[in-house]
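The exercises below are meant to be worked through slowly, with the sequence and the structure open side by side. Try each task before reading its solution.

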Amino acid sequence: MNKRFQKDQNILNKYVIFFFLAVVLLWMKTFIVQSTQFDLGIENSLQRFLLFLNPLGSSLLFLGLAFFFKGRKKYIFLLIIDFLLSFLLFANVLFYRFFNDFITLPTLTQTQNFGDVSGSISSLLKPYDFLFFIDLFLLIGLLAFKFVKIEVKDIGRRKVAALLSLALGISSLNLALAEADRPQLLTRGFDRNYIVKYLGMYNYTIYDAVQSTKASAQRVMADSNDITEVINFTQSNYAKPNPAYFGKGEGMNVIYLHLESIQNFLINYKLNGEEVTPFLNSLTSEGNTLYFDNFFHQTGQGKTSDAEFMLENSLYGLPSGSAFTTKGLNTFQAAPAILGQQGYTSAVFHGNSGSFWNRNEIYKSFGYNKFFDSSFYDMNPEDLADYGLMDKPFFEQSIPLLKSLPQPFYTKFMTVTHHYPYPIKEEDATIAPHTTGDKSVDRYFQTARYADEALKQFFDDLKESGLYDNSIIIMYGDHYGISENHNKAMEKVLGKEITSFENTGLQRVPLFVRVPGMEGGVNHEYGGQMDILPTLLHLLGTDTKDYVQFGTDLLSEQHDDLIPFRNGNFVSSTITAIDGKFYDSKTGLLIEEDRLPEAEKLQESASHKLSLSDRVVNGDLLRFYTPEGFTPVDRSLYKYNESEVVESEK
């Protein structure tokens, strides 16, 4: 009996047995996390099998690297690797809870934002989150309490090679089966969900690192020939301005109002019989205001910064990370520079740190004359939200700054109160929360009401200041406020099942365009954030034909209503593509087989647009092309701080 126990104990003391225990624990943990914490859209038994299989190859391969260390060090490095993989898994879970997406290498460069989002991160933590590291605690416990004695003897090279070959073999089988179910998985730029679903979290991280490195290398490899195809495309897809609207706002001021997290379902929505956004609702029938009810956000991981990027440039945000943080020194032909060379003064108003999203750098590349960040505001602690100054004091303090600008001006106001997780003080709430039981969703309606009241206040102040009747006012929703992680609660809000088609419809955000003297009304044209810049420039009487812009004028009869999304899906007035399936945009039903060629053509066009735009941004291709009459931006002419603002001398 004692001999048998001693024999069993000797087996347990073998490093190989300890290693395989670590592999199995990490494998099972990862499988459970991928199955329960991410909505990966598992559709068949093969996909379920791959979700089960893919962590095994990764666990064997990465933990197997510890074999290259000698003696006791192989135990230490096994635990270190296990911790790093566990931390990566946990970090992605937190990121997914907030963004419904996975971490990419470029998002790790956005560390200047972390301090501002700390309040949001704490709201994402769950009581059971310590279980993400339970296997690591077990392994450390086995060693610490000497249930396992450290084997100093090293493993032979042949055995290590065999183990790593096994790991690579399993991963290769995984990839082959994934390719069979989803051809060209790694080459067609599918949604990140696909990569995690088929290859697993750890392989996805490698894939993302390779893609990010390739994107970073594009600028070095680019030359002047690369812009030719882009120019040919944008000029052939140019939409002529509508004579009825062209120049309607010529010489007027421009005021953009950034509606943080406002989704279109809020318009005319009633909670317990009470309008949530009565002021915005009133603008849908205001005589000089166009309200677009089929307008979609097209943001990716850059969220708010992506919305700004498209607004200013009519270029798509990047497939991963934020162009604001990674491409701040690029050459752009943005709205502030275009209009600045026509006599406009440009300024951004934002009650937060200028470094958030790297704004204080990329705004120089856009050609903004002034940036009024938090240093220009009285940041009373009682008036602060998680992301800066609350909307009402922000607008109130902005009016004197706005009036100080020479006219005509091009301005943008960034609001922050209506932001996840939607905290609001009892005294600031003028409508009761919803009753879904999901705290974020329930409070969403209270902060939306607060934001609506702040907008009404700002409009009243504009009228009193005398600026209202000579200003184009454009209000746009920047991105969704409630992610699909909250679809169960949203079903209670909307009173219907949230299918994938309905969820795509929820990506509608409001767009209001008010031009004094222009006939308003509800416009049903399909469009996206890419289309705002050419629409505005045509309203101001500036033709966009010679500029590299991927959107088209929403008011043009030649407007292209294809709306690509960064995950590879698209929406148009006829067909909607979601995860490789095609739906009729009006009925929500899968299209008939005879319409597949039309759908595939739209899919190809959407992918081509995204690809060309990425080439422009990653390759910094606008440095090789200057439209006639445009002067490239000189970043050295701009400096933003409280005591000194150096304007460009044009």
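**Exercise 1.** Where is Asn 268 found in this predicted model, and is the residue buried or exposed, or something in between?

*Solution.* Begin with the position along the chain: Asn 268 is found in the loop that runs between strand S1 (253-259) and strand S2 (270-271). Next, look at the backbone, where the phi of Asn 268 is near 65°, which is a positive value in a residue other than glycine. Finally, take the relative accessible area, which is 46%; because buried requires under 20% and exposed requires over 50%, Asn 268 counts as partly exposed.

**Exercise 2.** Carry out the steps of the last exercise for Asn 272: in which loop does this residue lie, and is it buried or exposed?

*Solution.* Asn 272 lies in the loop between S2 and strand S3 (274-275), and its phi, near 55°, is again a positive value in a residue other than glycine. With a relative accessible area of 69%, Asn 272 is exposed.

**Exercise 3.** How many of the residues of helix H12 are buried, and what backbone feature follows just after H12?

*Solution.* First take the helix as a whole: H12 covers residues 304-313, and 10 of its 10 residues are buried, so this helix is largely enclosed by the rest of the structure. Then check individual residues, and you will find that the buried ones include charged types such as Asp 306, Glu 308 and Glu 312 as well as Phe 309, Met 310 and Leu 311. Just after H12 comes Ser 314, which takes a positive phi of about 55°.

**Exercise 4.** Which residues are joined by cis peptide bonds, and in which loops do the prolines lie?

*Solution.* One cis peptide bond joins Gln 407 and Pro 408, with omega at about 0°, and Pro 408 lies in the loop between helix H16 (391-403) and strand S9 (409-414). Another joins Tyr 420 and Pro 421, where omega is about 5°; Pro 421 lies in the loop between S9 and helix H17 (439-465).

**Exercise 5.** What does Ala 451 touch, and how far is this residue from Leu 280 in space?

*Solution.* Start by placing Ala 451 in helix H17, where it counts as buried at 10% relative accessibility. Leaving aside residues up to four places away in sequence, Ala 451 touches Asp 391 and His 418. Although Ala 451 and Leu 280 are 171 residues apart in sequence, their C-alpha atoms are 9.9 Å apart in space.

**Exercise 6.** Which rings have a charged end sitting over them, and how many aromatic pairs are counted?

*Solution.* The charged end of Lys 74 sits over the ring of Tyr 15, 5.4 Å from the ring's centre, while that of Arg 182 sits over the ring of Tyr 194, 4.5 Å from the centre. Turning to rings that pair with rings, the count comes to 58 aromatic pairs, and such pairs link a cluster whose members include Phe 309, Tyr 363 and Tyr 640.

**Exercise 7.** How many cavities of 30 Å³ or more does the structure hold, and what lines the largest cavity?

*Solution.* The structure holds 7 such cavities, and about 70 Å³ of space lies in the largest one. Its lining residues include Thr 234, Tyr 238, His 538, Lys 545 and Asp 553.

Technical notes: Residues numbered from 1 in each chain as written. Predicted model: local features only at pLDDT ≥ 70, side-chain atom pairs only at ≥ 80, totals over all residues. Heavy atoms only, no water. Phe/Tyr/Trp six-rings, centres within 6.5 Å; stacked < 30°, edge-to-face > 60°. Lys NZ or Arg CZ within 6 Å of the ring centre and 35° of its normal. Helix = DSSP H or I, 4+ residues; strand = E, 2+ residues; numbered from the N terminus. Buried < 20%, exposed > 50% of the residue type's maximum accessible area, 1.4 Å probe, protein only. 1 Å grid on protein atoms, 1.4 Å probe; cavity = no way out; pocket = protein on both sides within 12 Å on 5 of 7 lines; lining within 4 Å. Points joined across faces, edges and corners; volume = space filled by probe spheres on them. Contact = heavy atoms within 4.5 Å.
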